[in-house]
Amino acid sequence: MLVALWDSPAADCLESAARSLSWMVERQDGVTCDALVRARQVDLGLVPAYHVLAAGRGIQVLPGGALSSWSFPHAQLQLSRPLQQVRTFTCTPPQVQEALMARVILKEHYGVDALPVAGDSADATLHSGSACETLQAGDNRLNLGQEWFELLQYPMVWALFVCASGTATPAMTAALKTLTSRAEEQLRQQDRNAIRLRLDDLALAGLTGLREYLYYYGAIEEMAELPYYQPDEAGISEPPPPWAT
């Protein structure tokens, strides 16, 4: 199995589990993971939910796992002035998911209308991935994962496992479940309870909330059906789950 994993520190446990299963692993940014899946250059990809929801055609979401959390130290908004005075924040193109989250959190949770900008002159700075490790303990910042949970009361779904349309199989789903179980065991040993790897009811509810904000903020034009893979049983196709319609 060849898998492309979103290059977030939160996915380290998935990489370790994949290598223990003798899978071949690539670590890439979200856009590249999405492109590799669509080009069928990998069997499976862990792709940020933003890209899956914004351009769902051509891929299928596998039910065997996902990456969500109640809190997330790998996505933080560092404030250079009081929160109510923030009107702009800097970000980069790969941070499109985190930038949307920051806009929603500031607007819906704090009544602050702030826009993402390029460059260094802004009221706040968006940090993601390993860059968050350089932040100091005394910095005035927002943990986007925790803020998102406080806003929606559901975990933030950061990434989904997807494959190219027509390539999903029951065996692939079973393999993904094995991967998820191994990674969960590592999380238990590390006592990292904030990270969740199941595409369960809580994650699905969080995903629905994310999709609604994508629509309200103009990131998607319609509440399109999520391309969810559901294996046939006894040759009979079952209807998609309620959250996918």
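## A six-stranded sheet and its helices

In this predicted model, an open sheet of 6 strands runs in the order β2-β1-β3-β10-β4-β11, and its pairing is mixed. Two strands form the edges: β2 (24-28) and β11 (195-196). Each of these pairs on one side only.

Start at the β2 edge. Strand β1 (residues 2-6) pairs with β2 in the parallel sense, over 5 bridges. Within this pair, L2 stands opposite M24 in β2.

Helices pack on the sheet. Helix α4 (residues 96-110) touches β1, β3 (44-48) and β10 (156-164). The direction of α4 makes about 145 degrees with that of β10. Helix α6 (residues 170-190) also packs on the sheet, touching β3, β4 (59-69), β10 and β11. The direction of α6 makes about 10 degrees with that of β4.

**Helix against helix**

Two packed helices are described by the angle between their axes and the distance between the axes. The table gives both values for two pairs that involve helix α5.

| Helix pair | Angle | Axis distance |
|---|---|---|
| α4 and α5 (residues 144-152) | about 45 degrees | 10 Å apart |
| α5 and α7 (residues 201-216) | roughly 90 degrees | within 11 Å |

Take α4 and α5, which pack at an angle of about 45 degrees. That angle makes α4 oblique to α5. Their crossing is left-handed. On the α4 side, the contact residues are E98, M101, A102, V104, I105, E108, H109 and Y110. They meet L144, E147, W148, E150 and L151 in α5. By class, this contact holds 8 nonpolar, 1 polar and 4 charged residues.

Now turn to α5 and α7, whose axes cross at roughly 90 degrees. The two helices are therefore roughly perpendicular to each other. From α5, the residues W148, L151 and L152 take part. Their partners in α7 are G206, G209, L210 and Y213. This contact has 5 nonpolar and 2 polar residues, and no charged ones.

W148 and L151 of α5 meet residues of α4 and also residues of α7.

**Strand β5 and its partners**

How many of the 5 residues of strand β5 (residues 75-79) are buried? The count is 4, so to speak of β5 as mostly covered is fair.

Strand β5 pairs with strand β8 (residues 124-128) in the antiparallel sense, over 5 bridges. Here L79 stands opposite A124 in β8. Strand β5 is also joined to strand β9 (residues 141-143), by 3 bridges, and these two run antiparallel. The bridge partner of Q78 in β9 is R141.

Methods. Residues numbered from 1 in each chain as written. Predicted model: local features only at pLDDT ≥ 70, side-chain atom pairs only at ≥ 80, totals over all residues. Heavy atoms only, no water. Pairing = 2+ DSSP bridges. Contact = heavy atoms within 4.5 Å. Axes fitted to C-alpha atoms, helices over the stretch in contact; angles between N-to-C directions. Parallel < 35°, antiparallel > 145°, perpendicular 65-115°, else oblique. Left-handed = near helix turned anticlockwise from the far one by under 90°. Nonpolar A, V, L, I, M, F, W, Y, C, P; charged D, E, K, R; others polar. Buried < 20%, exposed > 50% of the residue type's maximum accessible area, 1.4 Å probe, protein only.
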